[in-house]
Amino acid sequence: MERLWGLLQRAQRLSPRLSQTIYKRVEATQEGRLEEEEEDREEGAEPQTHFCHMELRGPEPLGSRPGRQNLGLWAAAGRRATPYLVLMALLIFTVAFLLGYVAFRGSCQACGDEVLVVSEDVNYELGPDSHQGTLYWSDLQAMFLGLLGEGSLEDAIRQTSLRKRVAGSAGMAALSQDIRVALSSQKLDHVWMDTHYVGLQFPDPAHPNTLHWADAAGKPAEQLPLEDPDVYCPYSATGNTTGELVYAHYGRPEDLQDLRARGVEPAGRLLLVRFGVISFAQKVASAQDFGARGVLIYPDPADFSQDPHKLRLSSHRAVYGHVHLGTGDPYTPGFPSFNQTQFPPVQSSGLPSIPAQPISANIASLLLRKLEGPVAPQEWQGRLPGSPYRLGPGPCLHLGVNNHRASTPISNIFGCIEGRSEPDHYVVVGAQRDAWGPGAAKSAVGTAILLELVRTFSSMVSNGFRPRRSLLFISWDGGDFGSVGATEWLEGYLSVLHLKAVVYVSLDNAVLGDDKFHAKTSPLLISLIGNILKQVDSPNHSGQTLYEQVVFNNRSWDAEVIRPLPMDSSAYSFTAFAGVPAVEFSFVEDGARYPFLHTKDDTYENLHKVLRGRLPAVAQAVAQLAGQLLIRLSHDHLLPLDFGGYGDVVLRHIGSLSEFSGDLKARGLTLQWVYSARGDYIRAAEKLRKEIYSSEESDERLMRMYNVRMMRVEFYFLSQYVSPADSPFRHIFLGRGDHTLGALLDHVRLLRSGSGAGAPGAASSRVAPGLGFQESRFRRQLALLTWTLQGAANALSGDVWNIDNNF
């Protein structure tokens, strides 16, 4: 470059203008070099210049021979400069192209099949201490997978399952301190603990629960041995009850209606129901709605694998499960249980008023053999040996439940990595720590994965990684009593979390098998989950990703994988109560449930045998899924939340309502309001999608504004017109109560059935069976649903001047 610059300078000096320098040929000079002389020269001489073998004089008249020699010099200089000019032009073009290419790849990350799906070339900046430069998604993915361990997972699962850790016990207190120390040893910005004082229910060792045959007068006679006497139903009503026994299948509302239709009345009797399909709480709530006096719950062999080579639950074992139709402390509904604060003496409406008790398959078989009446339908038949499965009624039984309530301290443990750009937005991942029994599958797996994710992200921070948004790692207490720890924390910080929590990822029940993969989640996360499944290898299908595994039998991957959030999951509380999108991953067995969940046999050894030695690989796959999901959610410039997914949900549900438009019209009623609100939401979602598509990702203020609107979509579906204390699950799609779309649909169905006694899901709104269609109730339900949906559309639209609420 210096040679080129000098050449150009000398060419300028040789242009047709007055010059003080004359060059003449010096024959005697070796190699014909030029000698430079100056007319009117001042002191000193200029150094010799090795230029060319010619003599030039200037200035000369135009057209003279020296002028033609000057032109020849220009041509020679041009020929010498041409290669350098070409090289400089190529260099400038290459640099400009690379800068434009990098900028283009960063700004067009939303130009794929879905506007909100970020491409794999998204760049990520490292922290100020890093010397590695810009990282792309593939770099972050490689860093995470390289640091994620596998051997430590298996050992942590084994060690955790060996520790006694019932909520409120001394063993749990010791484990809590160990977890806190483990988090404090990592490179986290904050580690702390929250303590809540909650009402838990435990069996009374001095007065155990009992089951007796009863005589004609209802007095207890011969006692039936409870083979697993420590197993109980937390939050069952206490006291004694007597009644004839009736077999009621799974205890669903439709089962009880079918029972009544066959001439067997459930009211005033004890119900014998099978474990599974719905939760213990739902079984007891349905029995209570139909007037039953008590419930006995047993595990039927038909609900587990029939493969003789697979492990089975012992016929002497009973299954544990709480019966509060809700989450959190039922004695402080809607309020956080901090510092033993006293609230008005109110109880959750989800607490049952009838007793419930788990029993073993052996005791259930004995009871079934005593039943009379019609034979149960074929689909109700189980696999208890020697049992005819009649509906009943049978002999009288006397059930005594003596559980006692105790104020119990529970502790949630937190660790945080602060975000660099949006530290006030939290991506939360949590796992239940407590367990009624060994709890290997129930909570030991989740706790081990949580600790491994903390260690892995801490190592990434040590290597210079810093997420845009804060990562919050939480170990929950009180999970076996109905997500008590998670719900109390949500109640305590609800006004903050709905503004700051982006997504919750639950690690509970993560490994219950290895044949199929399920994701129980909000529609906002379905698209992102599908993308992550393509990045994770299947733990039991070599050479395939998880996505390829699930589409092998069903091309519609989401129909194979996606499931609704169950109430007994902490993820449900985040979504239905707090309005935060959530997901819970589970590997399960094909066609059969894990037989030892919620029993004393949920040990590391049994879980290892059920998975045939693949426990470490399956747990590793869950950790990879969760970790890559956390990276995308915490570090993408634009949150990968598919807010348009709820448009499909609305269309599907409204389509079900449309079947009854003729029946409503005959009564002078219409669904037009909810149709209008549905249209407004879909249009608002499409408008926001187009705005994001046409925006520049480099505009941080604009990206944050879009992110805030997207992350609050779930919250918009919490009805603002009902009290959180009376209806804690205010979500109109996932919640429970008269404000939900499901309750409205159940009510509208009464136009044709004429009675609510057997409407499927009638218990979802806890309305007494037997009431028919009520116009006033319909109008109220329609108003609650319409204005919640309209509010979601308005919030998604943005500013008030862009909103039109005219129906």
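How much area does the protein expose, and what share of it do carbon and sulfur atoms supply? The protein exposes about 34,500 Å², and carbon and sulfur atoms supply 52% of that area; the figure comes from the Shrake-Rupley method with a 1.4 Å probe.

This is a predicted model, in which local features need pLDDT of at least 70 and side-chain atom pairs count only at pLDDT 80 or more, while totals for chains, interfaces and linings use all residues. Residues are numbered from 1 along each chain as its sequence is written, and side-chain values use heavy atoms, leaving out hydrogens and water.

The protein has 24 helices and 20 strands; these are DSSP runs, helices being H or I of at least four residues and strands E of at least two, numbered from the N terminus. Of its 807 residues, 55% are buried, where buried means under 20% relative accessible area, exposed over 50%, and partly exposed in between, with a 1.4 Å probe and protein chains only.

I turn now to helix H20. Its 22 residues, 672–693, should span 32 Å at 1.5 Å a residue, and the end C-alpha atoms are indeed 32 Å apart; the expected span is 1.5 Å times one less than the number of residues. Among its buried residues are Tyr675, Asp680, Leu688 and Arg689. The cover over the buried residues of H20 includes helices H18 (645–658) and H24 (775–797).

Finally, Asn362 lies in helix H8, residues 361–368. Asn362 is partly exposed, with a relative accessible area of 28%. Beyond its neighbours within four places in sequence, Asn362 is in contact (heavy atoms within 4.5 Å) with Glu227, Ser315 and His316.
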